[in-house]
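Work through the exercises below with the coordinates open. Each task is followed by a solution in steps.

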Amino acid sequence: MPYCEPVPAPLALCRQVEERESREMTAAPTMYTKRDLRERLDRLPRIHLAALPTPLDDLTRLSDALGGPRILMKREDLTGLAMGGNKIREFEYSIAQAVEAGCDVLLHGAAAQSNQSRQTAAVAAKLGLKAVQIGRLDAHAQPQGNLLLAHLFGAEIHLSAAGDQSAAVEAKMAELRAGGHKPFNTSSDGYVYRGIAYVDGFLELWDQLRQRGIAADAIYVCSGAHTHVGLVVAARALGVDLPV
Ligand SMILES: Cc1ncc(COP(=O)(O)O)c(C=O)c1O
């Protein structure tokens with residue numbers, strides 16, 4: 001595109017972020033370049049678990065069916081390990097620092113069919129660590145789906161009544177410590193790393209959009225909290241006015 005042509009606002013914004021990278025930071029101290037964010041991310045321990053970058057698919061038939069805007073889907077279901085999902089990005093950071101700190105057991109306490117329990121068991125199997133799952137005895141506590149997969153990945157599985165679950169987690173952590181283990185609780189100790197991982201995820205998405213010359217109007221994410229936080233932090237840090 002010739003430089004003199006007017007560009008749509010989001011593309012102009014992309015260009016501003018790119019241009020800031022090629023010179024020293026003179027902008028407001030709360031503004032960062034992609035390189036700044038990358039440097040900060042690179043200071044953290046990280047292990048390779050995910051198949052990145054995940055694809056960015058054009059949902060042309062959905063857009064046609066809706067008679068609406070161009071819709072793209074960032075395929076976070078394809079992060080690779082044990083049926084993907086957002087936890088694998090988190091675990092690249094959270095479990096890296098746990099392993100560096102000498103942890104040898106990954107424990108997770110959640111719903112019986114928790115995705116994160118399944119992923120905890122899979123990552124433990126991949127890294128040669130012990131996995132323990134303290135699942136809830138809820139309506140889905142049958143040996144199928146994620147619970148069956150966690151079992152197949154070699155996790156030690158306990159199911160406890162909802163009211164007893166926290167105590168069961170604490171008791172198991174204490175038992176493991178008493179047995180000379182160093183457990184890491186992936187259901188409570190690592191959430192901040194999911195936000196951090198999705199700062200990285202935002203940079204990845206941003207590059208894909210840039211490479212394809214796409215000026216996104218908004219990002220929609222199905223999130224409880226942490227994934228959303230990471231995307232918002234990255235967008236705000238870069239000074240990108242993109243609703244998330
Ligand atoms: C498939 C899937 N998507 C989204 C979420 C929500 O993640 P977050 O809390 O990071 O938004 C979860 C689990 O918490 C999940 O398993």
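**Exercise 1: a loop residue**

Leucine 81 has a relative accessible area of 18% and is therefore buried, where buried means under 20% relative accessible area, exposed over 50% and partly exposed in between (1.4 Å probe, protein chains only). The model is predicted: local features need pLDDT of at least 70, side-chain atom pairs count only at pLDDT 80 or more, and totals for chains, interfaces and linings use all residues. Residues are numbered from 1 along each chain as its sequence is written, and side-chain values use heavy atoms, with hydrogens and water left out.

Task: locate leucine 81 in the chain and give its C-alpha separation from alanine 122.

Solution.
1. Leucine 81 sits in the loop between β2 (72-74) and α4 (87-100); helices (H or I, at least four residues) and strands (E, at least two) are DSSP runs, numbered from the N terminus.
2. Its C-alpha atom is 7.4 Å from that of alanine 122, although the two residues are 41 apart along the chain.

**Exercise 2: a buried acid**

Task: state what the side chain of aspartate 36 reaches, and which side chain of opposite charge is nearest.

Solution.
1. Aspartate 36 belongs to helix α2 (residues 34-42).
2. Aspartate 36 is buried but has no salt bridge, a term that requires a side-chain nitrogen of Lys or Arg within 4 Å of a carboxyl oxygen of Asp or Glu.
3. The nearest side chain of opposite charge is arginine 40, 4.5 Å away; Lys and Arg count as positive and Asp and Glu as negative, while His and the chain ends are not counted.
4. The side chain of aspartate 36 reaches the backbone nitrogen of threonine 33 at 2.8 Å.

**Exercise 3: salt bridges**

Task: find the partners of aspartate 42 and aspartate 57, and describe how each pair is placed.

Solution.
1. The structure has 16 salt bridges.
2. Aspartate 42 pairs with arginine 38, with the closest N and O atoms 3.8 Å apart.
3. These two are separated by about one helical turn, because they are four residues apart in helix α2.
4. Aspartate 42 is exposed at 52% relative accessible area, whereas arginine 38 is partly exposed at 29%.
5. Aspartate 57 pairs with arginine 75, with the closest N and O atoms 2.9 Å apart.
6. Aspartate 57 lies in strand β1 (residues 56-58) and arginine 75 in the loop between β2 and α4, so this pair ties together parts 18 residues apart in sequence.
7. A network of salt bridges links Arg38, Asp42, Arg46, Glu92 and Asp200.

Notes:
A polar contact is a pair of N or O atoms within 3.5 Å; within protein, one must be able to donate a hydrogen and the other to accept it, and residues adjacent in sequence count only if both atoms are side-chain atoms.
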